[in-house]
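Visitor: I'd like a close look at the salt bridges in this model, please, and at whatever is built around them. Keep it informal, but take me through it piece by piece.

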Amino acid sequence: MATESRTKSQLAALANRFLTEIAAGSDLGLGLAALVAAEPGITERKFTSICKTILSAQPKVRNIALIVGDTVRYNCPSGGAPQKIGREIDDAPEGTNSFERLQQSDDAVVSGPLHLPSGDWAIVVRIPIRIRNETGLVQYWGAISLPLRLSGLLLQSGLSDPDIGLDLAMRGSREPMRVPETIFGEPQAYGEGALSVPVALPEGTWLLYGRPNSATPEPFQPLQRMFVIIAALFCGAVVLVAIPYIARRRRLEIEVNRNRDLLRALMRNSPIAMYVKDVHGRYLDLNAEAFRAYNIGEGAFRGRTARDFVEPALADQLEQEDARTLKGEVVRTERRADASSSYGWEREIKFPVIDTAGKVIAIAGYVLDITGQKQSEERMLEALRRAEAANREKSNFLATMSHELRTPLNAIIGFSDILRREMFGPLGSTTYQSYAADIHKSGQLLYDLLGGIIDLSAVESGHLDIKSEALRPELVIGDCRAILEALSREREHELIVDATTNAPIIGDRRLLRQVIINLTSNASKYTRKGGRIEVTVEDAGEEVIFRVRDNGIGMESTDIERALQPFTRLGDPMRAEVGGSGIGLALVRRLVEAMQGSLVIFSKPGFGTAVEVRLPKAD
């Protein structure tokens with residue numbers, strides 16, 4: 001019975017060590033992810049140099065990859081061309097797609113055990129890297145991927161120690177009702193007298209089996225060792241224990257020291273400020289960047305809290321964040337730094353340090369200097385404010401100058417028309433009449449251009465006078481019919497007008513008339529002679545749709561948004577013959593939006609364009 005209890009205790013200890021080694025791999029990835037988050041543009045040379053330091057000290061780490069988006073950018077030590085996630089380690093047996101879990105998680109995503117093409121088994125740890133984008137939203141950017149060799153995990157956790165005195169094996173299944181799969185060990189470990197303990201692996205709970213082998217020490221040996229050690233403590237003697245015991249202990253101490261030194265090296269050489277605190281908020285460790293950023297001496301921080309270094313208001317905030325972290329939450333904050341920091345603005349990420357039992361044993365975190373980013377944002381915002389102010393000034397100028405610009409043009413157009421028609425007698429030469437016609441035509445084009453610009457500026461500056469009223473669509477179409485027919489005759493187009501709906505709408509009669517005429521004029525310009533133009537009105541529930549459709553040259557869907565920008569004319573040989581300033585559609589959209597409506601364009605090259613104006617119905 002004592003042997004069975006001792007074996008069970010050994011198995012539980014080995015299972016805990018095994019899980020601790022997986023957790024240590026996650027910690028390594030977390031530190032490396034923090035470095036990349038601080039330097040997203042890290043070079044392959046620098047990344048490889050850091051990874052080689054880790055790989056030389058960690059036999060359990062198979063390789064380290066930097067993933068950007070869903071593609072491997074750097075892969076150490078194997079290197080080579082970028083490859084898709086899952087090419088080297090197949091995600092299919094995992095059940096749930098690990099890449100989707102990675103994008104949605106703030107913590108490490110662990111997959112496995114996975115059977116590699118090489119025949120070995122691995123546990124894969126991936127740590128997400130999240131970075132704030134231009135809009136200020138923190139989102140998934142990439143990840144650090146560390147496949148952990150099962151052989152390395154066994155070695156470091158002591159499961160492959162030949163002196164352990166047990167035949168060991170581990171098996172389990174990811175899916176119910178499947179035959180258990182053995183990931184290591186021999187069949188005799190499952191034989192008579194075998195005991196087992198559960199091991200909570202990422203893909204479900206597996207079982208670690210063990211049974212004493214011929215090398216198992218006699219039952220009295222542990223008691224004898226304990227007696228010798230107790231005697232030595234009382235007598236002050238030097239106790240010599242069995243060589244296998246010393247060897248195992250030495251290997252464990254070397255491994256613990258190696259992991260500690262590696263994590264310390266990562267922390268010390270990090271370009272971002274990093275710290276570790278106990279559960280009471282007392283600092284246990286700071287790195288060199290933290291000493292520099294907060295002007296703290298290396299001997300002046302141990303056992304002290306944030307309240308000893310920062311303003312009371314900030315100390316209160318930090319203590320509240322610590323309380324959330326102790327509950328298992330990863331806390332991200334962005335703030336203007338106080339006088340204790342050399343940073344202007346800082347972003348802090350703090351996370352709980354959890355032991356294998358799931359208990360929070362410390363608080364760790366890092367602080368990034370985002371002063372440069374904030375200054376760039378301020379400069380961009382200031383430039384945007386200036387541009388908007390300049391645009392408003394321009395619009396105000398054009399809106400107020402409408403009378404001054406249009407009055408002389410009216411005179412030019414009127415007098416040139418008198419000369420063109422020879423209303424007060426012959427001019428004496430046909431050349432004069434031709435010149436007068438050119439003056440009249442040019443004046444009319446300039447008047448239309450300035451009218452469009454002034455109307456557009458009036459909308460943008462808020463000076464447009466809108467008189468909303470209940471309108472009947474057929475009356476608005478009737479106002480435009482004469483002009484629409486004249487446009488169709490000029491280009492020999494077939495014009496179809498259908499406005500049979502009786503549903504009233506809310507809008508400005510003058511502006512809606514201008515919208516329909518502009519859309520029909522635009523359709524006429526881009527439709528070859530003999531083409532067809534349809535102007536229809538449709539009742540669509542809560543809205544009424546005015547639609548202008550043509551079978552002209554059309555445009556690509558990617559060009560539609562460009563066509564709606566002021567002064568934009570798309571590059572097409574057919575359009576080179578078409579006059580205009582490129583403000584027609586831009587003005588139409590502004591006018592429709594000013595009437596609380598919306599504009600939708602459908603177009604395909606060679607098949608024509610359909611423009612829909614959607615306006616709300618009147619109550």
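Guide: This is a predicted model, and the count of salt bridges in it comes to 34. Let's go to the ones that are linked up. Lys277, Glu321, Asp322, Arg335, Glu346, Glu348 and Lys350 are joined in a network of salt bridges.

Now put those residues on the fold. Lys277 belongs to strand S10 (273-277), while Glu321 and Asp322 fall within helix H8 (312-326). Arg335 is in strand S12 (residues 331-336), and Glu346, Glu348 and Lys350 belong to strand S13 (345-354).

The three strands just named are part of one sheet. It is an open sheet of five strands, ordered S11-S10-S14-S13-S12, with antiparallel pairing. S11 and S12 are the edge strands; each has a single partner strand, so one side of each is left without a neighbour in the sheet. From one strand to the next, the twist averages 20°.

Follow S12, since Arg335 sits there. Its side chains alternate: Val331, Thr333 and Arg335 point to one face and are buried, while Arg332, Glu334 and Arg336 point to the other face and are not buried. So much for the rule of thumb that an arginine ends up outside; in this strand, Arg335 is on the buried face. S12 pairs with S13 through six bridges, the two running antiparallel, and the bridge partner of Arg336 in S13 is Trp345. Elsewhere in the sheet, five bridges join S10 to strand S14 (residues 360-369), again antiparallel. Tyr275 is opposite Gly365 of S14.

The same region brings us to some empty space. Rolling a probe the size of a water molecule over the atoms shows where such space is left. Searching the whole structure turns up two cavities of 30 Å³ or more, and the largest holds about 270 Å³ of space. Its lining is made of 20 residues, with Tyr283, Tyr294, Val310, Leu318 and Val367 nearest the centre. Two or more lining residues come from each of these elements: S10, strand S11 (283-286), helix H7 (288-294), H8 and S13. S10, H8 and S13 therefore deserve a second look, because they also carry members of the salt-bridge network. By class, the lining has 13 nonpolar residues, one polar and six charged.

Away from the network, there are individual pairs to inspect. Start with Asp417 and Arg421, whose side chains meet in a salt bridge at 3.3 Å, N to O. The two are in helix H10 (residues 402-421), four residues apart, about one turn of the helix. An α-helix has 3.6 residues a turn, so residues three or four places apart point the same way. The pair is split in its surroundings: Asp417 counts as buried because its relative accessible area is 16%, and the cut-off is under 20%. Arg421 counts as exposed because its 55% is over the 50% cut-off.

Next, Arg562 and Asp559 form a salt bridge, with 3.4 Å between the closest N and O atoms. Here too the acid is the covered partner: Asp559 is buried, with a relative accessible area of 18%, whereas Arg562 is partly exposed at 43%.

Then take Arg472 and Glu474, whose side chains make a salt bridge at 3.2 Å, N to O. Both ends are partly exposed: Arg472 has 37% relative accessibility, and Glu474 has 26%.

If you want a sheet to set beside the one around the network, pick the one built from S2-S1-S5-S4-S3. It is also open, with five strands in that order and antiparallel pairing. Its edges are strand S2 (71-76) and strand S3 (109-115), each of which pairs on one side only. Neighbouring strands are turned by 20° against each other on average, direction ignored. Inside it, strand S1 (residues 64-68) and strand S5 (residues 138-149) pair over four antiparallel bridges, and Val68 has Gly142 of S5 as its bridge partner.

How values were computed. Residues numbered from 1 in each chain as written. Predicted model: local features only at pLDDT ≥ 70, side-chain atom pairs only at ≥ 80, totals over all residues. Heavy atoms only, no water. 1 Å grid on protein atoms, 1.4 Å probe; cavity = no way out; pocket = protein on both sides within 12 Å on 5 of 7 lines; lining within 4 Å. Points joined across faces, edges and corners; volume = space filled by probe spheres on them. Nonpolar A, V, L, I, M, F, W, Y, C, P; charged D, E, K, R; others polar. Salt bridge = Lys/Arg side-chain N within 4 Å of Asp/Glu carboxyl O. Buried < 20%, exposed > 50% of the residue type's maximum accessible area, 1.4 Å probe, protein only. Pairing = 2+ DSSP bridges. Axes fitted to C-alpha atoms, helices over the stretch in contact; angles between N-to-C directions.
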